[in-house]
Amino acid sequence: MAYFLQQVANGFPLAALYAALAFGYAIAFAVTRRADITYGAIFAFSGHLYLLFAHFGWNRLWLVLPAALALGAVAALAGSLGAGMVVGRLVMRPLARISPNAMIVASLGVLLVLMEGARLASETRELWLPPFLNKPVVFWPGKGFPVSLTVLQVINIVAMLAMIALGHLVLSHGAWGRKWRAVADDPLAAELTGTNADRVFLMSYAVAALYASACGILATCYYGTMDFGAGLLFGLKVVLIAAAGGHSHPLRSAAGAAVIGFAETLWSGYGPILWRDLMIVSMLVLVLVTSRRERAIP
């Protein structure tokens, strides 16, 4: 029982990460209506910027560790959010007007640019953060097998759940949330009622980039590094994970992603880890295919 409870506890950080990523992705997908792996690229790009500037602050500016990490976080948020806004304004919005399906191809190009840029900036070196906030927080003492998480894991879970809760409140009760829903339902009709659909589109993409950037920083703190191939892996994974709850409904998408996070962790604890990604991705593809609904175009 203690081992099972520990696996459930281990699932919370991954479930919170997947949920926050899926929530942000659904905000952008509601207005683009196309699969976009750029989201995963921004997530990984944020992690790489965080590592680069944290190392710069530590090795070149001789900052103490908290100050170096703060410098990395500010630079990562600014750089990734800026990259997301540039991509949304100069790439995605023009393509959404002319050829929406071309957005899928363009997202792959953007992913390659961001990932290769990060790799070249770090000179193809895997940068690592030192362990911090790794004191265990015991939730159940057990009998020689305490169920625990680290302080950093608890902070990550709380931060990501707070991001989801705040985003849901804004989308459900805020004025911008009403405009977002109107543009997601019918951009032309929203324009006729006085809503600037272009501005809402760009704002949605910027908010999604903000979620991806924050998750990239928190995930890098947790894992200690960010792999160069993480952009493609998480880009594809988030597209499929968000389908578990519904691409266009951020909260349901987050809930479905959390279930996938727990399933992945339990499989790692009880099943052969070699087959984990194959089984999870196969299950996501099955959910995507079975939940697909064709809509007749009048």
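**Exercise 1.** Is Arg97 buried or exposed?

*Solution.* A quick note before we start: this is a predicted model. The relative accessible area of Arg97 is 54%. The cut-off for exposed is over 50%, so Arg97 counts as exposed.

**Exercise 2.** Work out which residues are joined in a network of salt bridges with Arg97.

*Solution.* Start with the partner of Arg97: its side chain meets that of Asp198 in a salt bridge, 2.2 Å from N to O. With Arg97 in helix α3 and Asp198 in helix α8, this pair ties together parts 101 residues apart in sequence.

Next, look at what else Asp198 does. Asp198 also forms a salt bridge with Arg93, where the closest N and O atoms are 2.5 Å apart. That pair links distant parts of the chain too, with Asp198 in helix α8 (residues 197-223), Arg93 in helix α3 (residues 65-98), and the two positions 105 residues apart.

Put the pieces together, and Arg93, Arg97 and Asp198 form the network. As for surroundings, Arg93 is buried at 16% relative accessible area, while Asp198 is partly exposed at 22%.

**Exercise 3.** Find where the partners in the salt bridge between Lys237 and Glu264 lie, and decide whether each is buried or exposed.

*Solution.* First, the contact: the two side chains, Lys237 and Glu264, meet at 3.3 Å, N to O. Then the location: Lys237 sits in helix α9 (residues 230-242) and Glu264 in helix α10 (residues 250-270), so parts 27 residues apart in sequence are tied together.

Last, accessibility. Lys237 comes out at 11%, which counts as buried. Glu264, at 4%, is buried as well.

Technical notes. Residues numbered from 1 in each chain as written. Predicted model: local features only at pLDDT ≥ 70, side-chain atom pairs only at ≥ 80, totals over all residues. Heavy atoms only, no water. Salt bridge = Lys/Arg side-chain N within 4 Å of Asp/Glu carboxyl O. Helix = DSSP H or I, 4+ residues; strand = E, 2+ residues; numbered from the N terminus. Buried < 20%, exposed > 50% of the residue type's maximum accessible area, 1.4 Å probe, protein only.
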